[in-house]
Amino acid sequence: MADMQSSPAAVPTIIRREDYRPPDWLVPAIDLDFDLDAAATQVKATLGVSRNGAHDRPLRLDGDDLTPLRVSVDGQILEEGQWHLDAGALVIPLTGDTHQIETLVELTPAENSKLMGLYASGGLLCTQCEAEGFRRITFFPDRPDILSRYSVHMTADKQLYPVLLANGDPVGQGDLPGGRHWARWTDPFPKPCYLFALVAGDLACNADRFVTMSGREVALGIWVKEADLPRTAHAMQALKNSMAWDERVYGREYDLDVFNIVAVADFNFGAMENKGLNIFNSRYILADPDTATDVDYDGVEGVVAHEYFHNWSGNRVTCRDWFQLSLKEGFTVFRDQNFSADMGSHAVKRIEDVRILRGAQFQEDQGPLAHPVRPESYMEISNFYTATIYNKGAELIRMMALMLGPERFRAGTDLYFERHDGQAATCEDFVIAMEEGGGIDLRQFRLWYEQAGTPRVRALLAYDAAAGRATLTLEQSVPPTPGQADKEPMAIPLRTALFDPASGQSGGDHLLLLTEERQNFIFEGLSAAPILSINRGFSAPVIVETDRSQADLAFLSAHDDDPFARYEAMQQLMVNVLVGKIAGQPVDEDAVLAAIRNTAADSALDPAFVAEAIRLPSEAYLGDQMAIVDPDAIHAARDGLQSRIGSELETLWRDIHARTKANGFSLSAAAKGARKLRNTALLYLAASGAEDGASVAFDQFDQADNMTERQAALATLANGTSVERDAALDIFYQRYRSDALTLDKWFQTQAFAFHADTVDLVQELAHHQDFSLGNPNRVRSLYGAFTGNQWAFHHPSGKGYRLVADCVIALDKLNPQTAARLVPPLGRWKRFDAQRAGMMRAELQRILAEPGLSKDVTEQVSKSLE
Ligand code: TRP
Ligand code: ZN
């Protein structure tokens with residue numbers, strides 16, 4: 001006994017992909033009965049179980065924080081001793097091949113701060129089951145390859161919870177004595193338990209309808225607090241557009257008679273694709289011009305589409321195990337990206353998506369948490385909802401789609417959906433469907449799922465004038481990542497064009513497939529040395545290194561007919577100048593100024609594209625280009641160039657700022673583009689040092705009829721020190737203090753600010769009366785934004801690291817999933833100088849020494865210290 005008590009805390013188990021075994025028992029049907037109450041909810045579950053294959057292993061039902069109040073088999077209540085608990089799971093030896101198991105448990109939703117399982121949020125009761133939350137609701141084999149038919153009965157107080165929703169179709173409802181009522185929902189489609197959901201609460205409905213391609217009418221509902229109803233129109237339009245798009249582009253029709261969405265204020269992620277009952281973080285549903293920026297509007301559209309598209313890529317075809325997570329997430333991100341591109345601008349959407357990929361996934365790939373798109377092991381699956389699984393996973397689908405072309409890709413997805421409908425599939429199944437349906441050999445391509453790390457491609461172009469021939473030499477290497485020292489060469493599709501400097505024209509697009517470590521590609525019939533445009537459209541998620549001169553890049557920034565490549569040339573031009581400047585080399589800033597002036601003056605270009613192209617690369621992206629990140633030098637160099645661009649082109653910025661002022665709010669592409677460009681002009685104007693910079697920004701803040709301009713003006717002011725800054729922050733706070741989503745912007749804007757005192761300000765804001773660790777959006781708006789502010793977070797004092805570590809420690813006790821998401825920024829210590837690295841490590845060690853640390857944070861911190 002004494003021995004057991006002094007034994008160290010259990011080391012979390014590592015789950016391995018190679019250990020996958022089919023389930024011992026299946027659960028074809030489940031009946032759930034909820035007696036709902038925030039303080040005490042009773043859950044009675046009746047499972048029809050059947051032995052899967054010949055074996056004598058007991059039934060094991062996962063449980064997390066559950067105590068069985070009653071267990072019965074085939075109607076007989078079991079005595080203690082006829083079952084036992086093992087690591088939270090309920091283990092019952094069974095003799096026959098099919099049995100009826102009934103369990104009863106009691107939950108306390110009001111005290112569930114992890115926001116996994118059944119929890120209370122703003123007076124509602126709601127669930128989150130992905131990935132392993134269902135085991136916090138009832139005893140069940142919580143793995144995605146067990147598909148069951150669900151019937152759900154709920155009873156609740158009718159006044160507190162007048163609306164009762166669950167998956168599938170409503171089949172009955174009625175009143176009960178004592179002011180209670182009931183409802184029953186059944187879902188005809190067998191599903192894994194991570195897609196289970198219920199919601200109870202006082203909700204109002206934006207009701208609409210959609211007629212599917214086969215003529216079936218679907219009742220659509222977006223359920224929110226009554227006061228938020230006017231903010232649901234954009235989400236509803238996005239839903240209808242998504243339904244039509246999936247029919248048109250993938251031939252996929254919705255399959256139930258109702259489709260409901262509920263918005264909740266406290267949510268660990270963006271949203272959840274529960275069958276027929278999507279549950280959303282309210283920030284991805286609610287939008288109106290007064291409170292939502294254009295980025296927010298696009299976020300709503302993209303996430304509504306993402307969750308809707310999961311109905312096929314995720315729900316009808318689900319994942320065999322959590323190592324296959326990218327099967328549904330990578331594919332669904334690819335689908336939502338293309339949908340959003342079709343709804344707006346393909347060029348700008350691609351630029352934004354690549355910026356996200358580089359900002360999040362490339363950083364992940366360079367650090368201690370790098371993992372393949374299909375990981376080999378994990379401690380806590382929640383930590384694997386990463387940019388690698390989502391965004392790099394989407395890039396893999398994009399490469400396959402590029403190599404196949406639209407028709408053959410569609411043949412591949414048709415085969416995939418047809419073959420695996422109703423199944424729990426693997427990433428391999430998807431690739432095989434592409435091979436067989438599309439007619440392509442993807443043997444080498446599979447490495448993209450297995451090898452972590454961002455491949456580097458070195459591209460050198462040599463020209464032989466006498467032969468009129470150019471030789472492009474491509475060399476690839478994949479850097480070592482944790483657990484993967486040596487890599488095989490990958491199959492890398494690179495869209496390439498060669499431009500004639502005299503005519504400004506290219507000989508067209510070539511899709512080069514680099515498959516070896518080093519390969520030559522020959523281009524004949526060239527009368528002059530061409531200029532290389534490579535990885536056009538960002539056809540592969542790689543880092544390309546070239547020896548192109550600044551003049552070549554300037555040429556491409558003016559002439560490349562691929563918008564992404566044109567943007568990229570411009571960014572590379574800026575990166576070269578800034579990185580050179582930091583290294584103390586002589587650089588030609590005038591080339592950047594000229595390129596910006598030319599781009600801004602080109603009236604044939606989409607203003608949204610111009611705004612992207614003329615923006616300086618982020619401090620974080622500049623850091624990624626350096627062997628050791630120097631946050632202060634990066635900030636100084638970037639800030640200096642920004643001021644110079646501001647002052648030398650001051651009239652241009654004033655001109656753009658004046659001419660992009662709109663008379664009324666519209667969500668048209670033209671209006672959004674104008675706002676984006678206007679905000680960029682304001683930023684440069686303020687950076688110019690012009691005396692009226694702050695007052696122009698304040699006027700924009702004050703007069704704006706939309707949040708896009710209001711927040712950008714506030715952000716511009718927040719970078720400086722002025723009376724206008726303080727006034728604007730105060731006005732904003734007073735105006736929006738009771739609107740949580742908008743108040744998040746007030747926290748976020750200050751945490752993002754380029755201000756010498758940001759770290760102290762964030763510390764103060766952490767004690768603000770409106771700050772709370774209980775709401776993940778609020779935590780992300782302060783700490784998430786702060787860790788994304790390279791200059792401030794890496795303050796040489798180490799204050800920023802301490803602040804974030806303190807937050808991780810405090811938050812871990814409430815919400816481990818959200819706490820674990822704040823660890824990766826500290827884990828990047830190898831990228832910084834010895835002093836910073838030492839302080840970052842010390843904070844990680846301090847976190848790890850905390851008693852009772854969650855599995856979530858333990859995994860992230862211990863991997864980060866290796
Ligand atoms: N499947 C969700 C999505 O991508 C992600 C998600 C929502 C999630 N909530 C979660 C993942 C909680 C882990 C834990 O759309
Ligand atoms: Zn998803």
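Biologist: Which protein atoms are the donors of the zinc ion (ligand 2), and how far from it do they lie?

Modeller: In this predicted model, the protein donors are NE2 of His306, NE2 of His310 and two OE entries of Glu329, lying 1.9 to 2.7 Å from the zinc ion (ligand 2). Because a donor has to be an N, O or S atom within 2.8 Å of the metal, these atoms qualify.

Biologist: What spacing do the donors follow along the chain?

Modeller: The donors of the zinc ion (ligand 2) follow H-x3-H-x18-E.

Biologist: Why is the site of the zinc ion (ligand 2) called irregular?

Modeller: The site has six donor atoms, with angles of 46 to 159° among them. Six donors count as octahedral if opposite donors are over 155 degrees apart and all others lie between 65 and 115; an angle of 46° fits neither range, so the site is irregular.

Biologist: How do you know that His306 and His310 are buried?

Modeller: Buried means under 20% relative accessible area. His306 has 8% relative accessibility and therefore counts as buried, and His310, at 0%, counts as buried too.

Biologist: What makes the aromatic pair of Phe564 and Tyr567 tilted?

Modeller: The structure holds 42 aromatic pairs, and in the one formed by Phe564 and Tyr567 the centres lie 5.8 Å apart with 50° between the planes. Rings pair if their centres lie within 6.5 Å, and planes neither under 30 degrees nor over 60 degrees apart count as tilted, so this pair is tilted. Both residues lie in helix α11 (residues 563–582), three residues apart, about one turn of the helix. Phe564 is buried because its relative accessible area is 4%, and Tyr567 counts as buried at 5%.

Biologist: Why is the pair of Phe698 and Phe701 called tilted?

Modeller: The centres of Phe698 and Phe701 are 5.9 Å apart and the planes make 40°, which means that the pair falls between the limits of 30 and 60 degrees. Helix α18 (residues 693–703) holds both residues, three residues apart, about one turn of the helix, and both Phe698 and Phe701 are buried.

Biologist: What lies over the face of Trp312, and what over the face of Tyr20?

Modeller: Arg252 lies over the face of Trp312, at 4.6 Å from the ring centre, while Arg320 lies over the face of Tyr20, at 3.8 Å from the ring centre. Because the distance limit for CZ of Arg is 6 Å from the ring centre, both values satisfy that part of the criterion.

Key: Residues numbered from 1 in each chain as written. Chains lettered and ligands numbered in written order. Predicted model: local features only at pLDDT ≥ 70, side-chain atom pairs only at ≥ 80, totals over all residues. Heavy atoms only, no water. Phe/Tyr/Trp six-rings, centres within 6.5 Å; stacked < 30°, edge-to-face > 60°. Helix = DSSP H or I, 4+ residues; strand = E, 2+ residues; numbered from the N terminus. Buried < 20%, exposed > 50% of the residue type's maximum accessible area, 1.4 Å probe, protein only. Lys NZ or Arg CZ within 6 Å of the ring centre and 35° of its normal. Donors = N, O, S within 2.8 Å, 3.2 Å for Na, K, Ca; no water. Tetrahedral: all angles 85-135°; square planar, octahedral: opposite > 155°, others 65-115°.
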